[in-house]
Amino acid sequence: MIQLRSVTKKYKNNYALKNINLDICSGEFVFVTGASGAGKSTLMKLLYKEETPSSGTILIGGVNIANLPPENVPSLRRCMGIVFQDYKLLQNQTVFDNIAYVIRTLGMSSAEIKQRVTMALKVVGLSDKAKAKPSELSGGEQQRVSIARAMVNGPPLLIADEPTGNLDPKNSMEIMQILEQINQRGITVIVSTHDANIVNHFRKRVLTLGNGEIIRDIQAGTYE
């Protein structure tokens, strides 16, 4: 599904990523780890086209997104779900409307939108929160809403950039269990994290970055 070939990202005189070569197959669950400044966030931003590589190719579903024109980026992102550390919810909208926001632009009927949002809320355990506003939810619940929003369109790929960074250990574990359940539905899941306990518990494929390079790539791995 995802292929990176000789990908380098340079900011002025500093290399955030250097000559990255990587393959991620459809249906995999991958943790991206490394110290602060190792290149984790840059790698994630390249995958959802928030950043453009200085050189190299990034193929997602056979399309080189490194050269993707700006007008095609929305179409790319409709084919993936993105979960952020700070949730990025619309504070003046209900939980239902936050999740429905993505698919309302696709011309779906009201009945189909309701069905999809209801199912997404069920997956993340928030069926009773559809009418709530984000300010009425805990941090863990807000992150569940952002996961529901990311998966409501049934994307083949879900990218989570430090999804538990603002959460306590209990909520962090619950969020990761939801992401694992989503992966078990056949969705490719990529999670960047600095949480060793989570990585050690789930024993998925672990990519470790250091100084902008992949220094470790191990199946069923631990944080270190």
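**Salt bridges, rings and pockets: a working chat**

Mentor: Glu 180 and Lys 204 are both buried. Keep in mind that this is a predicted model.

Trainee: Sure. What do the side chains of Glu 180 and Lys 204 form?

Mentor: They meet in a salt bridge, with N to O at 3.0 Å. Glu 180 belongs to helix H6 (residues 169–183), while Lys 204 is in the loop between helix H7 (196–202) and strand S9 (205–210), so the bridge ties together parts that are 24 residues apart in sequence.

Trainee: And which ring does the charged end of Lys 204 sit over?

Mentor: That of Phe 29, with 5.4 Å to the ring centre.

Trainee: How many salt bridges does the structure hold?

Mentor: There are 11. One of them joins Lys 9 to Glu 51, where the closest N and O atoms are 3.7 Å apart. Lys 9 is in strand S1 (residues 2–11) and Glu 51 in the loop between H1 and S4, so this pair ties together parts 42 residues apart in sequence.

Trainee: Is Lys 9 buried or exposed?

Mentor: Buried, at a relative accessible area of 10%. Its partner Glu 51 has 21% relative accessibility and counts as partly exposed.

Trainee: What about Arg 77, which residue does its side chain meet in a salt bridge?

Mentor: Glu 50, at 3.5 Å from N to O. Arg 77 lies in helix H2 and Glu 50 in the loop between H1 and S4, so parts 27 residues apart in sequence are tied together. Arg 77 is partly exposed at 30% relative accessible area, and Glu 50 is partly exposed too, at 48%.

Trainee: Which residues are linked in a network of salt bridges?

Mentor: Glu 28, Arg 205 and Asp 217 are linked that way.

Trainee: Switching to aromatics. How many aromatic pairs are there?

Mentor: The count is two. In one of them, Tyr 48 and Phe 84 have ring centres 5.8 Å apart and planes at 90°, so the pair is edge-to-face. It links distant parts of the chain, 36 residues apart: Tyr 48 is in the loop between helix H1 (40–47) and strand S4 (55–60), and Phe 84 is in strand S6 (residues 80–84).

Trainee: Are Tyr 48 and Phe 84 buried or exposed?

Mentor: Both Tyr 48 and Phe 84 are buried. Phe 84 also has Lys 88 over its face, 5.2 Å from the ring centre.

Trainee: Okay, pockets. How much space lies in the largest pocket?

Mentor: About 560 Å³. It is lined by 20 residues, and the closest to its centre are Arg 77, Ile 82, Tyr 101, Val 102 and Arg 149. So you meet Arg 77 again here, the residue from the salt bridge with Glu 50.

Trainee: Which elements give two or more residues to that lining?

Mentor: Helix H2 (73–77), S6, helix H3 (95–104) and helix H5 (139–151). The largest share, four residues, comes from S6.

Trainee: What is in that lining by class?

Mentor: The largest pocket has 11 nonpolar, four polar and five charged lining residues.

Trainee: And what volume does the second largest pocket have?

Mentor: About 200 Å³. Its lining has 13 residues, with Ile 60, Gly 61, Val 63, Leu 76 and Cys 79 nearest the centre.

Trainee: How many charged residues are in the lining of the second largest pocket?

Mentor: None; the lining has 10 nonpolar and three polar residues.

Key. Residues numbered from 1 in each chain as written. Predicted model: local features only at pLDDT ≥ 70, side-chain atom pairs only at ≥ 80, totals over all residues. Heavy atoms only, no water. Phe/Tyr/Trp six-rings, centres within 6.5 Å; stacked < 30°, edge-to-face > 60°. Buried < 20%, exposed > 50% of the residue type's maximum accessible area, 1.4 Å probe, protein only. Lys NZ or Arg CZ within 6 Å of the ring centre and 35° of its normal. 1 Å grid on protein atoms, 1.4 Å probe; cavity = no way out; pocket = protein on both sides within 12 Å on 5 of 7 lines; lining within 4 Å. Points joined across faces, edges and corners; volume = space filled by probe spheres on them. Nonpolar A, V, L, I, M, F, W, Y, C, P; charged D, E, K, R; others polar. Salt bridge = Lys/Arg side-chain N within 4 Å of Asp/Glu carboxyl O.
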